[in-house]
Amino acid sequence: SVFSTASLSLYAGAYTHAFRCLESFGVLGAPPESEMGELARLVALLESPVFAPMRLRLLQPKAYPDLLRALYALLMLLPQGSAFKAL
């Protein structure tokens, strides 16, 4: 799925690929209800210690602009619930 690909891309540091995956999903419209649970799990996963190096890269926005774009794309796909507030 798109969210699995995006999470693997974020973990691997392929931020441009993660952004393009999320962007392509956003062009199709709002995620279906069946995908919303997976989207919320991705946000919870981003808060885990495994993604700490990625979160530290957020301190260097000029060095990792595609990371910011990917996370903003993820934010735009989320409904304004608990996962939205976490991100």
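**Exercise 1. Salt bridge**

Task: State how many salt bridges the structure holds, and describe the residues involved.

Solution. The model is a predicted one. Step one is the count: the structure holds one salt bridge. Step two is the pair itself, in which R69 is joined to D66 with their closest N and O atoms 2.4 Å apart. Step three places the two residues in sequence: they are three residues apart in helix α5, so about one helical turn separates R69 from D66. Step four concerns accessibility. R69 has a relative accessible area of 42% and is partly exposed, whereas D66, at 18%, is buried. As background, side chains of opposite charge can pair when their charged atoms come close.

**Exercise 2. Overall fold**

Task: Determine how many helices and strands the protein chain has, and in what pattern they follow one another.

Solution. The protein chain contains six helices and zero strands. Along the sequence the pattern reads α-α-α-α-α-α. Next comes the burial of the chain: of its 87 residues, 37% are buried. For contacts, take residue pairs at least 6 apart in sequence; 60% of these contacts join residues at least 24 apart. Last, the accessible surface of the chain is about 5300 Å², and carbon and sulfur atoms account for 61% of that surface.

**Exercise 3. Nonpolar core**

Task: Identify which elements give two or more residues to the largest nonpolar core.

Solution. Start with the core, which has 22 residues. Those with the most contacts inside the core are F3, L10, L22, L39, L46, M54 and L74. Two or more residues come from each of α1 (2-12), α2 (15-27), α3 (33-46) and α5 (65-77). Of these, α5 provides the largest share, namely six residues.

**Exercise 4. The two sides of α1**

Task: Work out which residues of α1 are buried and which exposed residues lie on the face turned away from them.

Solution. First list the buried residues, for which the cut-off is under 20% relative accessible area. In α1 these are F3, A6, S7, S9 and L10. Viewed down the axis of α1, the buried residues fall within an arc of 160 degrees, so they line one face of the helix. The face turned away from this buried side carries the exposed residues L8, Y11 and A12.

Then follow L8 and Y11 further: together with V50 they form a nonpolar patch on the surface, with about 340 Å² of accessible area among the three. V50 belongs to the loop between α3 and α4 (52-57). Finally, just after α1, G13 adopts a positive phi of about 85 degrees.

**Exercise 5. Two buried residues and their contacts**

Task: For S7 and A18, give the helix, the relative accessibility and the contacts, leaving aside neighbours up to four places away in sequence.

Solution. Begin with S7, which is part of helix α1. Its relative accessibility is 14%, so S7 counts as buried. Beyond its sequence neighbours, S7 touches L42, L45 and F51.

Turn to A18, located in helix α2. A18 has a relative accessible area of 0% and is buried. Apart from neighbours within four places in sequence, A18 is in contact with A6, S9, L10 and A70. Of these partners, A6, S9 and L10 are among the buried residues of α1. For A70, the separation along the chain is 52 residues, while the C-alpha atoms of A18 and A70 are 6.0 Å apart.

Notes
Residues numbered from 1 in each chain as written. Predicted model: local features only at pLDDT ≥ 70, side-chain atom pairs only at ≥ 80, totals over all residues. Heavy atoms only, no water. Core = buried A, V, L, I, M, F, W, Y, C linked by side-chain atoms within 4.5 Å. Buried < 20%, exposed > 50% of the residue type's maximum accessible area, 1.4 Å probe, protein only. Salt bridge = Lys/Arg side-chain N within 4 Å of Asp/Glu carboxyl O. Patch = residues over 30% accessible without salt bridge, like charges linked within 9 Å, V, L, I, M, F, W, Y side chains within 5 Å. Areas by Shrake-Rupley, 256 points an atom, 1.4 Å probe, with all protein chains shown as cover. Arc of directions from axis to C-beta. Contact = heavy atoms within 4.5 Å.
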